[in-house]
Every structure is written in structure tokens, then in C-alpha cells.
Amino acid sequence: GLFRDRKKRKPDRTVVGVIGDLHTPFAHPNYLQFCVDTFKAFGVNRVVFIGDIFDQHTLSFHPKEPQAVGTQQERAMAQIQIRGYFEAFPEADIVIGNHDERVFRIAASVGLDRDVLKPLNEIYGLPKKWRLHDEIIIDGVLYKHGVNCGGKDGALNTALTERMSTVIGHYHSGGGVKYSANKRDIIFGMNVGC
């Protein structure tokens with residue numbers, strides 16, 4: 001029925017599929033296949049990773065798990081896990097998340113300028129067609145990681161503040177879509193959860 005028709009019909013507009021915070025190398029082992037299947041069913045023709053592709057637990061300012069692997073091993077494990085996403089989504093827009101930025105925050109904390117470090121795409125060997133953004137607008141919808149967008153209605157409140165429909169990640173404990181409408185327009189706030 002519905003999915004079969006969607007697969008056959010070529011979309012006349014952008015259909016965005018959003019991938020929630022992966023936190024590689026700690027991503028759920030079935031999440032990649034779930035994304036592939038869901039995006040195929042709905043005719044997704046543009047992919048956005050909403051941030052925190054990498055966890056970088058070893059670089060956290062928070063207390064670290066004593067039995068966690070070291071920085072080099074965590075990066076190597078993340079590079080292995082992310083390869084499946086490279087293959088499945090060779091072209092994508094990547095919103096930088098707070099975990100992705102950890103290496104730069106650590107460097108800044110000891111006075112190192114960002115320009116003396118490799119960019120994130122070089123550190124992790126990201127594909128050339130993975131475009132990095134602080135935030136991105138596609139067809140009038142804002143995609144941002146979501147730091148400082150929390151609370152019960154964080155995504156919707158952010159949409160109201162930004163004056164445009166907004167999609168966020170970052171907050172793992174809930175997901176969903178809420179709308180605000182008047183007689184002239186309608187906007188939504190979406191938290192993709194993870």
C-alpha cells in the first residue's frame with residue numbers, strides 16, 4: 001500500500017531524514033538498518049545527522065567511567081562503527097553537536113587556538129560529501145543540535161524563538177513533534193530523541 005506507492009513515486013520536494021545522536025562507538029547496533037529501512041520507505045532524498053556523531057567520552061569534562069577505553073581506542077572504535085553510515089549515506093549534512101566539539105573545547109581550556117588542530121572531518125576521516133554545519137536551514141526548516149533548547153517543550157520553544165520550524169537532537173529522554181498555529185501559519189518543533 002502506502003509505502004509501496006512512496007517508493008515508486010519520485011519526490012517533487014525535499015524529503016529529509018534525520019539521524020539522531022549516534023554517540024559512536026556507542027550507537028545502537030540496529031540503528032543503522034532502522035534508518036536505512038525507514039528512509040527508503042518514506043522516500044528520503046536528503047539526510048541530516050543532528051549532531052553528536054561521536055561520543056568522545058574520554059574527552060568529557062564530566063567524571064569518566066574508570067573502565068572505559070582510552071582516547072585512541074575510542075576513536076578507532078568510532079571510525080569502525082561510522083563506516084556503515086558512510087556507505088549507507090554517502091552524501092549528508094552534519095550538524096555539529098557538543099560531543100563532536102569536545103576536542104576543541106579541551107584544547108581551548110588549555111589555551112590552544114582552534115586553528116592549530118585538525119578539523120573534525122580530518123580527525124575522523126569523514127567523506128568529502130558530508131558537509132559540516134553549526135546549523136542548517138532546508139526548505140524553511142532549521143536543523144540544529146539543540147544545546148540550550150531543553151525543557152518539556154524545548155523544541156517548540158526554540159521554533160517560536162527562531163520564528164521557524166525547528167528540528168533538534170541533544171535531548172535523549174524524549175522525542176516528538178509539537179505545533180504552534182494561528183490563522184496565518186503553522187510551525188513545529190521536533191525533538192528526534194535517540
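Okay, one bit of vocabulary before anything else: Ala, Val, Leu, Ile, Met, Phe, Trp, Tyr, Cys and Pro count as nonpolar, Asp, Glu, Lys and Arg count as charged, and the others, Gly among them, count as polar. Keep that handy. Also, please remember that what you have in front of you is a predicted model.

So, let's go to the second largest pocket. Its volume is about 230 Å³. Which residues sit closest to its centre? Out of 18 lining residues, those are Gly151, Lys152, Asp153, Gly154 and Asn191. Using our vocabulary, the lining splits into six nonpolar, nine polar and three charged residues. And if you're wondering where the lining comes from, helix 6 (154-162), strand 8 (176-181) and strand 9 (186-191) each give at least two residues to it.

Next up, Lys144. You'll find Lys144 in strand 6, which covers residues 141-144. Is Lys144 buried or exposed? Well, we call a residue buried when its relative accessible area is under 20%. Lys144 comes out at 16%, so it's buried. Who does Lys144 touch, then, if we skip residues up to four places away in sequence? Ile50, Val95, Glu135, Cys149, Thr158, Glu162, Thr166, Val167, Ile168 and Gly169.

Cys149 was on that list of contacts, so let's talk cysteines. Cys149 is buried, at 5% relative accessible area, and Cys35 is buried too, at 1%. Now, a disulfide is a covalent bond between the sulfur atoms of two cysteines. How many disulfides does the model have? The count is zero.

Last topic: some backbone spots to look at. Start with Pro25, in the loop between strand 1 (16-19) and helix 2 (31-41). The peptide bond running from Thr24 to Pro25 is cis, and its omega is near 15°.

Then there's Asp52, sitting in the loop that links strand 2 (46-49) and helix 3 (71-88). Asp52 isn't a glycine, yet its phi is positive, near 55°. Asp52 is also buried, because its relative accessibility is 1% and the cut-off is under 20%.

And finally His170, which belongs to the loop between strand 7 (166-168) and strand 8. His170 is another non-glycine with a positive phi, about 70° here. Buried or exposed, what would you say for His170? Its relative accessible area is 18%, so His170 counts as buried.

That's me done, thanks for listening!

Methods:
Residues are numbered from 1 along each chain as its sequence is written. This is a predicted model: local features need pLDDT of at least 70, side-chain atom pairs count only at pLDDT 80 or more; totals for chains, interfaces and linings use all residues. Side-chain values use heavy atoms; hydrogens and water are left out. On a 1 Å grid over the protein atoms alone, a cavity is a set of points where a 1.4 Å probe fits but cannot get out, and a pocket is an open set with protein on both sides within 12 Å along at least five of seven lines; lining residues have an atom within 4 Å of a point. Grid points are joined across faces, edges and corners, and a volume is the space filled by probe spheres set on the points. Helices (H or I, at least four residues) and strands (E, at least two) are DSSP runs, numbered from the N terminus. Buried means under 20% relative accessible area, exposed over 50%, partly exposed in between (1.4 Å probe, protein chains only). Contact means heavy atoms within 4.5 Å. A disulfide is a pair of cysteine sulfur atoms within 2.5 Å.
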